[in-house]
Amino acid sequence: MSIIRKKDEKIVIVGAGIAGAAAAYFLSRTGFSNIVVLEKEKLAGVHASGRNAAFARAAIDNRVNCRLAVAGKYFFQNPSADFPMPINYNPM
């Protein structure tokens, strides 16, 4: 059974770390416009995802995680023109 979502229904995302922010971003790019991101901290991404999301490791033994790290590195090097904030990326 598949669920058909209406583009105008409200979507609530709990947490504004890298996963929550990315979910909101990509949902908005697919046409959803009523998205609410809830975050208990004063700033987004101050806990675990904020501390580990800004780097890509070269030694990853899991293929899925490796592909995600490479895709993340590519995104930080080449963010979409419509990404809502500047990215502070330093490849070292």
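**Close-up views of a predicted model**

**View 1. A salt bridge joins Asp 82 and Arg 29.** The side chains of Asp 82 and Arg 29 meet at 3.6 Å, N to O; a salt bridge is a side-chain nitrogen of Lys or Arg within 4 Å of a carboxyl oxygen of Asp or Glu. The two residues link distant parts of the chain, 53 residues apart: Arg 29 is in helix α1, and Asp 82 is in the segment after α3 (63-77). Side chains of opposite charge can pair when their charged atoms come close. By this rule, the count is one salt bridge. Asp 82 is partly exposed, with a relative accessible area of 47%, and Arg 29 is partly exposed at 45%. Here buried means under 20% relative accessible area, exposed means over 50%, and partly exposed lies in between (1.4 Å probe, protein chains only).

The structure is a predicted model, in which local features need pLDDT of at least 70, side-chain atom pairs count only at pLDDT 80 or more, and totals for chains, interfaces and linings use all residues. Residues are numbered from 1 along each chain as its sequence is written, and side-chain values use heavy atoms, with hydrogens and water left out.

**View 2. The whole chain has three helices and two strands.** Helices (H or I, at least four residues) and strands (E, at least two) are DSSP runs, numbered from the N terminus. Read from the N terminus, the order of the elements is β-α-β-α-α. Of the 92 residues in the chain, 11% are buried. The accessible surface of the chain is about 7700 Å², and carbon and sulfur atoms hold 58% of this surface; accessible areas come from the Shrake-Rupley method with a 1.4 Å probe, and for residues only the protein chains shown count as cover.

**View 3. Strands β1 and β2 run parallel.** Four bridges join β1 (residues 11-14) to β2 (residues 35-38); two strands pair if DSSP finds at least two bridges between them. Between the strands the chain passes through helix α1 (residues 18-29), and this β-α-β crossover is right-handed. That term applies if, with the strands pointing away from the viewer, the path from the first strand over the helix to the second runs clockwise. Val 12 has Val 36 of β2 as its bridge partner, and Ile 13 stands opposite Val 37 in β2.

**View 4. Side chains alternate along β1.** Ile 11 and Ile 13 point to one face and are buried, whereas Val 12 and Val 14 point to the other and are not. Val 12 is partly exposed, with a relative accessible area of 47%. Together, Val 12, Val 14 and Leu 38 make a nonpolar surface patch of about 290 Å². Patches are made of residues with over 30% relative accessible area and no salt bridge; like charges are joined within 9 Å, and nonpolar side chains (Val, Leu, Ile, Met, Phe, Trp, Tyr) within 5 Å.

**View 5. Ile 35 in strand β2 and its contacts.** Leaving aside neighbours within four places in sequence, Ile 35 is in contact with Ile 11, Ile 13, Ala 24, Leu 27 and Ser 28, where contact means heavy atoms within 4.5 Å. Ile 35 is partly exposed, at 23% relative accessible area. From Ile 35 to Ala 23 the C-alpha distance is 9.8 Å, with their positions twelve residues apart in sequence.
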